[in-house]
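Reader: I would like a close look at a single part of this model. Please take one helix and describe how it sits among its neighbours.

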Amino acid sequence: MELQTIYQNVVEGNAGEVQAGVKAALAEGVEADVILKQALIAAMEEVGKRFEEGDFFVPEMLIAARAMQGGLGLLKPHLVDSGVKAAGKVAIGTVKGDLHDIGKNLVGMMLEGAGFEVLDLGTDVDSQKFVKAVQEGANVVGMSALLTTTMSNMQTTIQALQTAGLRDNVKVVVGGAPVTDAYAKQVGADAFAPDASSAVRVVRQLLA
Ligand code: B1M
């Protein structure tokens with residue numbers, strides 16, 4: 001099956017084959033959302049599992065991530081939400097100390113597709129960079145963290161926004177594998193989103 005082949009190629013880090021598989025699946029009419037969840041994201045879960053079990057090391061994880069990103073790029077135009085255009089500027093980034101960007105990129109893509117202006121601050125983003133983005137007009141800050149050791153930097157950023165007197169001007173949304181709704185409340189965020197499509201819904205609600 002097409003999806004299984006894409007999945008396997010992501011796990012093995014065969015970037016060219018992943019791109020070819022995604023193109024073929026799209027041409028056959030497979031929904032972009034299905035390719036994303038059942039092949040690309042599912043494969044990254046398998047990569048994480050193998051890493052935990054000691055079968056994969058950082059290089060394998062990195063190569064798989066690159067293969068996944070290539071496939072994701074091809075899906076981008078197809079992930080565009082057909083809903084009503086929303087107004088808002090979202091400054092999104094992965095928190096200080098954290099280099100994981102696949103989930104953050106996906107959330108950014110979906111928000112862009114939903115009509116938001118997205119300012120991608122990248123990875124390893126210092127709290128002052130988020131502050132600057134709000135000073136320059138962002139009305140939503142989106143923070144992603146994949147490591148239990150970096151998620152506390154969400155709170156550091158929220159405190160920095162408070163210190164700069166900007167907390168009331170901006171909505172803060174957080175997400176990433178170790179983040180939970182309870183954690184979002186604990187650090188003073190306005191909302192938590194478990195995945196990219198719910199991030200769009202949550203941002204729409206916050207700005208409504
Ligand atoms: Co890293 N890594 N990694 N890694 N890596 C994890 C996160 C880990 C769980 C693997 C494991 O042990 N099973 C583990 C963290 C353990 C922990 O903290 N408890 C881990 C580790 C330990 C590390 C290193 C420390 C390894 C080392 O060097 N010894 C190191 C840290 C580097 C650093 O950041 N400083 C490291 C490095 C790397 C690579 C560079 C090799 C690579 C990243 C490449 C890249 O991103 N460009 C990598 C990868 C690929 C992973 C796994 C395998 C996959 C992550 C991923 O992309 N998932 C990951 C294991 C796993 O998650 N299963 C792992 C797919 C992505 C679509 O999902 O990011 O969760 P995710 O995003 C989702 C949701 O969470 C949500 O929406 C997305 C789509 O639905 N979401 C948001 C995310 N952000 C959001 C923001 C929102 C809303 C929703 O609002 C703003």
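**Helix 6 and its surroundings**

Author: In this predicted model, the buried residues of helix 6 pack against strand 1, strand 2 (117-125), strand 3 (140-144) and helix 7 (153-163). Helix 6 itself covers residues 127-135, and its buried residues are S127, F130, V131, A133 and V134. Because these five span an arc of only 160° around the axis, they lie on the same side of helix 6. A general point about helices helps here: an α-helix has 3.6 residues a turn, so residues three or four places apart point the same way.

Both ends of the helix can be described as well. At the N-terminal end, D126 acts as a cap, with a side-chain oxygen 3.0 Å from the backbone nitrogen of Q128. After helix 6 comes G137, which has a positive phi, near 120°.

F130 also belongs to a core of 27 residues, whose members include A138, M154 and L166. That core lies apart from the largest nonpolar core, which has 45 residues. In the largest core, I6, V10, L40, L75 and L111 touch the most other members. Helix 3 (32-52) supplies the largest share of that core, nine residues. Domain 1 (2-81) and domain 2 (89-207) each give at least three residues to the largest core.

Strand 1, one of the packing partners of helix 6, also leads to the metal site. The loop between strand 1 (89-95) and helix 5 (102-113) holds H100. Through NE2, H100 is the only protein donor of the cobalt atom of the ligand, at 2.2 Å.

Technical notes: Residues are numbered from 1 along each chain as its sequence is written. This is a predicted model: local features need pLDDT of at least 70, side-chain atom pairs count only at pLDDT 80 or more; totals for chains, interfaces and linings use all residues. Side-chain values use heavy atoms; hydrogens and water are left out. Donors are N, O and S atoms within 2.8 Å of the metal (3.2 Å for Na, K and Ca); water is not among the atoms, so sites may look incomplete. Helices (H or I, at least four residues) and strands (E, at least two) are DSSP runs, numbered from the N terminus. A nonpolar core is a set of buried Ala, Val, Leu, Ile, Met, Phe, Trp, Tyr and Cys residues joined through side-chain atoms within 4.5 Å. Buried means under 20% relative accessible area, exposed over 50%, partly exposed in between (1.4 Å probe, protein chains only). Domain bounds come from an automatic or database domain assignment. The arc is that of the directions from the helix axis to the C-beta atoms. Contact means heavy atoms within 4.5 Å. A polar contact is a pair of N or O atoms within 3.5 Å; within protein, one must be able to donate a hydrogen and the other to accept it, and residues adjacent in sequence count only if both atoms are side-chain atoms.
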